[in-house]
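Student: Could you take me through the salt bridges of this protein chain with care, and explain the terms as you go?

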Amino acid sequence: MESLGVAIIGCGSVHHVHVDAIKNNGMGRILWFVDSEEERAKSSAQKYGGKWCTNYSKALEDPKLDLVHICTPHYLHAQMAIDAVNAGKHAFVEKPAATNLEAAKLMAESAKKNNKLIVICFQNRYNPTSLKAKEIIDSGELGKIKGVKGLVTWFRDSDYYTLSGWRGSFDTEGGGVLINQAIHTLDLMQWLVGEVEHIEGNVSTRALKGVIDVEDTADATLYFKNGARGIFYATNCYTDNSPIELEIHMEKGKLRISSGELIRIDDGEHKVLVNENSEQSPYKSYWGKSHDIAIRKFYECLKQNSKTDIIPLDDGLEALKIVDGIYKSSSTGKKIKIN
Ligand SMILES: NC(=O)c1ccc[n+]([C@@H]2O[C@H](COP(=O)([O-])OP(=O)(O)OC[C@H]3O[C@@H](n4cnc5c(N)ncnc54)[C@H](O)[C@@H]3O)[C@@H](O)[C@H]2O)c1
């Protein structure tokens with residue numbers, strides 16, 4: 001079967017990871033590099049091979065194009081994905097799906113109407129530690145889940161925001177640490193534990209007050225439909241990017257993902273290293289190492305016309321519902337029902 005025709009929209013820091021993944025899986029050929037900054041589009045086209053343009057509509061007109069990768073600022077994701085599916089193309093969208101839940105729902109409707117796929121890049125679900133934790137939880141061997149905790153303690157300085165042109169403002173980023181950095185952890189929490197029903201949370205701006213309009217710190221209590229309770233804390237005010245920490249407390253023990261390792265603690269504190277994320281990545285460690293897998297799974301699915309092992313938008317929406325619920329809870333002081 002012929003390789004898939006691809007356009008990369010947004011040639012900033014993360015697009016290199018996408019290009020490498022496409023080259024590694026050998027199932028796609030990049031036809032277009034698109035960036036509103038001409039130099040960026042041109043330089044990627046020269047480096048990797050392909051045509052370039054500054055307006056994605058031009059790439060969408062290409063009959064050889066099967067899908068787009070959307071690697072642009074958050075506020076552009078929704079319209080770009082909707083235009084892509086309306087043009088008969090599939091879309092692989094970097095997280096978050098959109099700057100708010102309503103926009104993401106419109107994306108899902110457009111995908112359905114056009115019978116095209118919009119897949120969200122929550123690559124950390126494919127980390128060996130996440131997959132193994134899911135397998136152990138689903139096997140039932142540790143009993144029912146009682147609780148979960150997720151901690152994200154990262155460092156972002158003022159340059160990260162002021163030099164980007166789009167981060168740090170609600171209009172263009174959609175929020176701060178919650179929607180940008182911590183959304184991966186919130187997604188893992190709901191993917192491993194189940195659907196969240198209610199949320200109480202708080203957001204605030206502390207170390208980056210005066211630099212950004214959005215929050216640099218957030219915390220929440222999550223009430224799951226299955227009775228489990230979750231606690232969550234995220235900040236960009238730490239002095240380093242620590243590995244995320246995730247712990248699932250079950251009737252007969254705990255699973256802990258920390259420093260890229262999955263530890264199983266059976267009753268009596270007997271600790272066993274179950275597995276670790278050992279693959280090396282040439283990119284930022286906190287991006288994880290699983291973009292390759294997420295993109296390969298999507299391409300396999302397009303070629304085989306099956307939906308196994310991908311993260312379609314409907315599924316990816318859950319994390320955005322949690323984010324949205326925390327913002328609403330923070331602004332109203334109330335417990336919010338999200339499902
Ligand atoms: N999954 C992950 O772990 C991960 C890691 C990093 C970034 N991301 C996500 O990837 C996306 C991009 O992040 P980034 O760090 O590469 O940002 P970036 O600012 O480095 O790059 C964004 C690019 O989009 C281009 N752009 C802006 N408007 C455009 C338009 N109208 N048409 C075409 N191009 C346009 C910019 O010129 C820029 O080159 C964001 O959604 C971010 O949250 C995800």
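Tutor: What follows looks at the salt bridges, after a short view of the chain that holds them.

This is a predicted model, in which local features need pLDDT of at least 70 and side-chain atom pairs count only at pLDDT 80 or more, while totals for chains, interfaces and linings use all residues. Residues are numbered from 1 along each chain as its sequence is written, and side-chain values use heavy atoms, with hydrogens and water left out.

The protein chain has eleven helices and 15 strands, where helices (H or I, at least four residues) and strands (E, at least two) are DSSP runs numbered from the N terminus. Buried residues make up 54% of the 339 residues; buried means under 20% relative accessible area, exposed means over 50%, and partly exposed lies in between, with a 1.4 Å probe and protein chains only.

Turning to charge, the chain carries 42 positive and 45 negative side chains, and the centres of the two sets lie 3 Å apart. Here Lys and Arg count as positive and Asp and Glu as negative, while His and the chain ends are not counted, and each charge is placed at NZ of Lys, CZ of Arg, CG of Asp or CD of Glu. Side chains of opposite charge can pair when their charged atoms come close. The structure holds 17 salt bridges, a salt bridge being a side-chain nitrogen of Lys or Arg within 4 Å of a carboxyl oxygen of Asp or Glu.

One of these salt bridges joins the side chains of Glu-197 and Lys-337, at 3.7 Å from N to O. Because Glu-197 lies in strand E8 (residues 196–204) and Lys-337 in strand E15 (residues 336–337), this pair ties together parts that are 140 residues apart in sequence. Glu-197 is partly exposed, at 26% relative accessible area, whereas Lys-337 counts as exposed, at 53%.

Another salt bridge brings together the side chains of Glu-247 and Lys-254, with 3.7 Å from N to O. In this pair Glu-247 is buried, with a relative accessible area of 11%, while Lys-254 counts as partly exposed at 24%.

The side chains of Asp-266 and Arg-264 also meet in a salt bridge, with an N to O distance of 3.1 Å. Here the acidic partner, Asp-266, is partly exposed at 23% relative accessibility, and Arg-264 counts as buried at 17%.

Finally, salt bridges can also be followed beyond a single pair, since Glu-38, Glu-39 and Lys-42 are linked in a network of them.
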